[in-house]
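Please read the points below with the sequence and the model open side by side. They are meant as a colleague's reading notes.

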Amino acid sequence: MYAIIENGNKQYKVAEGDVVSVEKLNGAEGDKVSFKALMVSDGDAIKAGAEAENVKVTGTIVKQGKAGKIIVFKYKAKKNERKKQGHRQPFTSVMIEKIEL
């Protein structure tokens, strides 16, 4: 059984027991979170749209962290204009515990 969940304007395919990194969520390690299910498949049938609205996907926050650093470098040729920035995107690792139909 798997489900397609939505978080941070992105969609993730998850199954029970998966650990998935999603956009940063407020909460500490060990807190429970729930997600909106867009589609659910139980092996035989697929539920989507209005049928999947009452499906509950729950999980536990495993880790709050930051991704690796990326460098953003902007410049304008022949103008001596340069700007170097670094960015580390925050994320939350969530272990999916239950998909309730």
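The numbered points that follow go through charge pairs, surface patches, the nonpolar core and some single residues.

1. A word on the kind of structure comes before the details. This is a predicted model, and the values quoted here are computed from it and should be read in that light.

2. How many salt bridges does the structure hold? There are 2 of them, and they are taken one by one in the next points. As general background, side chains of opposite charge can pair when their charged atoms come close.

3. One salt bridge joins the side chains of K10 and E23, with an N to O distance of 2.7 Å. This pair ties together distant parts of the chain, since K10 belongs to strand β2 (residues 10-15) and E23 to strand β3 (residues 19-23), with their positions 13 residues apart in the numbering. K10 counts as partly exposed because its relative accessibility is 38%, and E23 is likewise placed in the partly exposed class because its relative accessibility is 24%. For a further view of K10, its C-alpha atom is separated by 8.5 Å from that of V22, a residue 12 positions away along the chain.

4. The other salt bridge is formed by K32 and E97, whose closest N and O atoms are 3.0 Å apart. Here too distant parts of the chain are linked, with K32 in strand β4 (residues 32-41) and E97 in strand β9 (residues 90-100), 65 residues apart. K32 has a relative accessibility of 61% and therefore counts as exposed, whereas E97, at 38%, counts as partly exposed.

5. Which residues make the nonpolar surface patch of about 230 Å²? The patch is built from V19, V62 and M95. Of these residues, V62 sits in strand β6 (residues 56-66), and its relative accessibility of 39% is why V62 counts as partly exposed.

6. The surface also carries a positive patch, formed by K66, K69, K84 and R88. One of its members, K84, is located in strand β8 (residues 81-87), and K84 is classed as exposed because its relative accessible area is 61%.

7. Turning to the interior, the largest nonpolar core has 17 residues, and the members that touch the most other members are V14, F35, V57, V94 and I96. Two or more residues are given to this core by each of the elements β1 (2-7), β2, β3, β4, β6 and β9. Which element supplies the largest share of the core? That share, 4 residues, comes from β4. As a general point, in soluble globular proteins nonpolar side chains tend to be buried together.

8. Is T92 buried or exposed? T92 is a residue of strand β9, and because its relative accessible area is 0%, T92 counts as buried. Although T92 and L25 are 67 residues apart along the chain, their C-alpha atoms are separated by 6.2 Å.

9. L38 offers another C-alpha separation that can be checked on the model. This residue is in strand β4, and with a relative accessibility of 25% it is therefore counted as partly exposed. The C-alpha atoms of L38 and F91, which are 53 residues apart along the chain, are separated by 21 Å.

10. Two backbone angles in the loop between β7 and β8 deserve a look. K78, which lies in the loop between β7 (70-76) and β8, has a phi near 65°, a positive value in a residue other than glycine. K78 counts as exposed because its relative accessibility is 85%. N80 is also found in the loop between β7 and β8, and its phi is positive as well, at about 55°, although N80 is not a glycine. The relative accessible area of N80 is 67%, so this residue is classed as exposed.

Notes:
Residues numbered from 1 in each chain as written. Predicted model: local features only at pLDDT ≥ 70, side-chain atom pairs only at ≥ 80, totals over all residues. Heavy atoms only, no water. Salt bridge = Lys/Arg side-chain N within 4 Å of Asp/Glu carboxyl O. Buried < 20%, exposed > 50% of the residue type's maximum accessible area, 1.4 Å probe, protein only. Patch = residues over 30% accessible without salt bridge, like charges linked within 9 Å, V, L, I, M, F, W, Y side chains within 5 Å. Areas by Shrake-Rupley, 256 points an atom, 1.4 Å probe, with all protein chains shown as cover. Lys, Arg positive; Asp, Glu negative; His and termini not counted. Charge placed at Lys NZ, Arg CZ, Asp CG, Glu CD. Core = buried A, V, L, I, M, F, W, Y, C linked by side-chain atoms within 4.5 Å.
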